[in-house]
Amino acid sequence: MVPGRHGCTAPEGRAVLSPAVASRPAERVRAPGDEPLSTREREVLALVARGTSNRGAAEQLSIGEATVKTHLTDNCGKLGAKDRAAAVATAYDRGIPG
């Protein structure tokens with residue numbers, strides 16, 4: 001057994017899902033692009049589009065740098081982008097205001 005995240009264990013090479021995640025109905029899982037960006041996610045994306053660093057965005061928005069990273073990760077998931085540059089490009093292509 002290999003210790004997993006949050007103290008979970010699984011046979012070697014196997015992923016573990018928490019019961020809360022595993023029990024979610026499949027219809028609740030959204031495809032990329034189905035969920036709108038929050039106001040804060042758009043603000044972070046706009047700053048990144050201007051070349052602002054994570055630290056700079058955090059300072060301008062009075063939030064933690066980890067929170068900026070979380071918003072960027074959420075943006076990538078919602079937009080179906082593999083990285084921050086792709087998220088910015090996809091947002092521009094879709095006309096998402098920042």
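Glutamate 41 is buried, at a relative accessible area of 4%. This is a predicted model, so please hear every value I give today as computed from it. What does glutamate 41 pair with? It forms a salt bridge with lysine 78, and the closest N and O atoms are 2.8 Å apart. Glutamate 41 sits in helix 2 and lysine 78 in helix 4, so this pair ties together parts that are 37 residues apart in sequence. Lysine 78 counts as buried too, because its relative accessibility is 14% and the cut-off for buried is under 20%.

Now the other salt bridges. The structure holds four. Another one joins glutamate 65 to arginine 55, with 3.6 Å between the closest N and O atoms. Here glutamate 65 belongs to helix 4 and arginine 55 to helix 3, so the parts tied together are ten residues apart in sequence. Is arginine 55 buried or exposed? Arginine 55 is exposed, with a relative accessible area of 54%. Glutamate 65, at 30% relative accessibility, counts as partly exposed. Back to glutamate 41 for a moment: Glu35, Glu41 and Lys78 are joined into one network by salt bridges that share partners.

Within helix 2 there is a local pair. Glutamate 43 forms a salt bridge with arginine 40, the closest N and O atoms being 2.9 Å apart. Both residues lie in helix 2, three residues apart, which is about one turn of the helix. Glutamate 43 counts as partly exposed at 31% relative accessibility, and arginine 40 counts as partly exposed at 29%.

Next, helix 5, residues 84-94. Which of its residues are buried? They are Ala87, Val88, Thr90 and Ala91. Because they cover an arc of only 165 degrees around the axis, they fall on the same side of helix 5. On the other side, Ala85, Tyr92 and Asp93 are exposed. The cover over the buried residues includes helix 2 (39-49) and helix 4 (65-79).

Threonine 90 is the one to look at in that buried set. Its place is in helix 5, and its relative accessible area is 18%, which means that it is buried. A polar atom of the threonine 90 side chain lies 2.8 Å from the backbone oxygen of alanine 86.

As for the ends of helix 5, aspartate 83 caps the N-terminal one: a side-chain oxygen of aspartate 83 is 3.2 Å from the backbone nitrogen of alanine 85. Just after the helix, glycine 95 takes a positive phi of about 70 degrees.

Last, the core. In soluble globular proteins, nonpolar side chains tend to be buried together. In this model the largest nonpolar core has 16 residues. Which of them have the most contacts inside it? Those are Val44, Leu45, Val68, Leu79 and Ala87. At least two residues of this core come from each of helix 2, helix 3 (54-61), helix 4 and helix 5.

Alanine 87 links this back to helix 5, where it is one of the buried residues. If we leave aside its neighbours within four places in sequence, alanine 87 is in contact with Leu45, Cys76, Leu79 and Ala81. Of those partners, Leu45 and Leu79 are also among the core residues I just listed.

Conventions:
Residues numbered from 1 in each chain as written. Predicted model: local features only at pLDDT ≥ 70, side-chain atom pairs only at ≥ 80, totals over all residues. Heavy atoms only, no water. Buried < 20%, exposed > 50% of the residue type's maximum accessible area, 1.4 Å probe, protein only. Helix = DSSP H or I, 4+ residues; strand = E, 2+ residues; numbered from the N terminus. Arc of directions from axis to C-beta. Contact = heavy atoms within 4.5 Å. Polar contact = N/O pair within 3.5 Å; in protein donor to acceptor, adjacent residues only side chain to side chain. Core = buried A, V, L, I, M, F, W, Y, C linked by side-chain atoms within 4.5 Å. Salt bridge = Lys/Arg side-chain N within 4 Å of Asp/Glu carboxyl O.
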